Amino acid sequence: MTEFTAKTILSDIEGTTTSISFVKDKLFPYAKEYTKDYLEQTWINKETSEIVRELFELPEFEVYKKEATNLGDESYDVYTVNGFVKYLIDKDLKLGPLKKLQGLVWEKGYEKGDLKGHVYPDVPEAFKRWKEAGLRLAIYSSGSIKAQQLLFGQTELGNLLPYISGHFDTTSGHKQEQQSYVNIAKALGEEPCDILFLTDVVKEAEAARKAGLQTVILARPGNAPLTDDDKTQYTVVNDFESLKIKLKESS
């Protein structure tokens, strides 16, 4: 068992607490299928209007207009927005207004019971164990904070939000940039060396390490394969049961 001492655990979601297939094969297709319905129901709402404005201001929209056919008129209707959203999802682009809209669509899905958040079986017990040890747990994902709260609040294994004390998304910076982890450490009020970051992505671990965080890479089923060099440079575990994390006492 690999041992660490920390004050705060910062965890990724996709490939770390939650299967990549849940995001790719359940959440994204749901957003593609039901965005049009959501837009039609909320088109005149201030929140939706603001998201639509932000979507049309993205540089990617100019590219989409050149590639797409049969666009709506210059007023840019529901049809246009829905087509653009599908385009962005297919490109797997992690853009703020897209993430906000997806979160709202997923919220309706959770409310209707169409969606239940996936977490690996070892996750609830690990969250409980860390909290009982006095460790603080925060989440950092490219998915919006709303989407994070929906997933952990309504998982197949129960409500896990009581174990989580903070949520961070790309408003803190992109996940492969060193400064993002500096920003998060500052927001948490912790020295970077007192934070243990859990992820499945080597470039994220590299950025976090450069910022001074401790790092662990999860080799869950379905995650991208790791090279021998990756396994040499980073601590790699298969699940949370393989981690022993003790609370670092304040000096």
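Here's a quick tour of the largest pocket, the nonpolar cores and one buried threonine. Keep in mind that this is a predicted model. The largest pocket holds about 620 Å³ of space, and the largest nonpolar core takes in 58 residues. Helix 1 turns up in both stories: it gives the most residues to the pocket lining and the largest share of that core.

**The largest pocket**
- In total, 31 residues line the largest pocket.
- If you want to find its centre, look for E14, K94, S142, K175 and E204, which lie nearest to it.
- Four helices each supply at least two lining residues: helix 1 (20-42), helix 5 (96-112), helix 7 (145-153) and helix 9 (202-210).
- Helix 1 tops the list with 5 residues.
- By character, the lining splits into 14 nonpolar, 10 charged and 7 polar residues.

**The nonpolar cores**
- Within the largest core, the residues touching the most other members are L55, W106, F127, W130, F152, L198 and F240.
- Helix 1 puts 8 residues into this core.
- Apart from this core there's another one, of 14 residues, including A138, Y140, F168 and L188.
- Back in the largest core, F127 reaches beyond its neighbours within four places in sequence to contact T17, L137, F152, L160, Y163, I164 and F240.

**T199**
- You'll find T199 in strand 5, which covers residues 195-199.
- T199 counts as buried because its relative accessibility is 0%.
- Setting aside neighbours within four places in sequence, T199 is in contact with D12, T16, E204, A205, V216, I217 and L218.
- One of those partners, E204, is also among the residues nearest the centre of the largest pocket.

Definitions and conventions: Residues numbered from 1 in each chain as written. Predicted model: local features only at pLDDT ≥ 70, side-chain atom pairs only at ≥ 80, totals over all residues. Heavy atoms only, no water. 1 Å grid on protein atoms, 1.4 Å probe; cavity = no way out; pocket = protein on both sides within 12 Å on 5 of 7 lines; lining within 4 Å. Points joined across faces, edges and corners; volume = space filled by probe spheres on them. Nonpolar A, V, L, I, M, F, W, Y, C, P; charged D, E, K, R; others polar. Core = buried A, V, L, I, M, F, W, Y, C linked by side-chain atoms within 4.5 Å. Buried < 20%, exposed > 50% of the residue type's maximum accessible area, 1.4 Å probe, protein only. Contact = heavy atoms within 4.5 Å.
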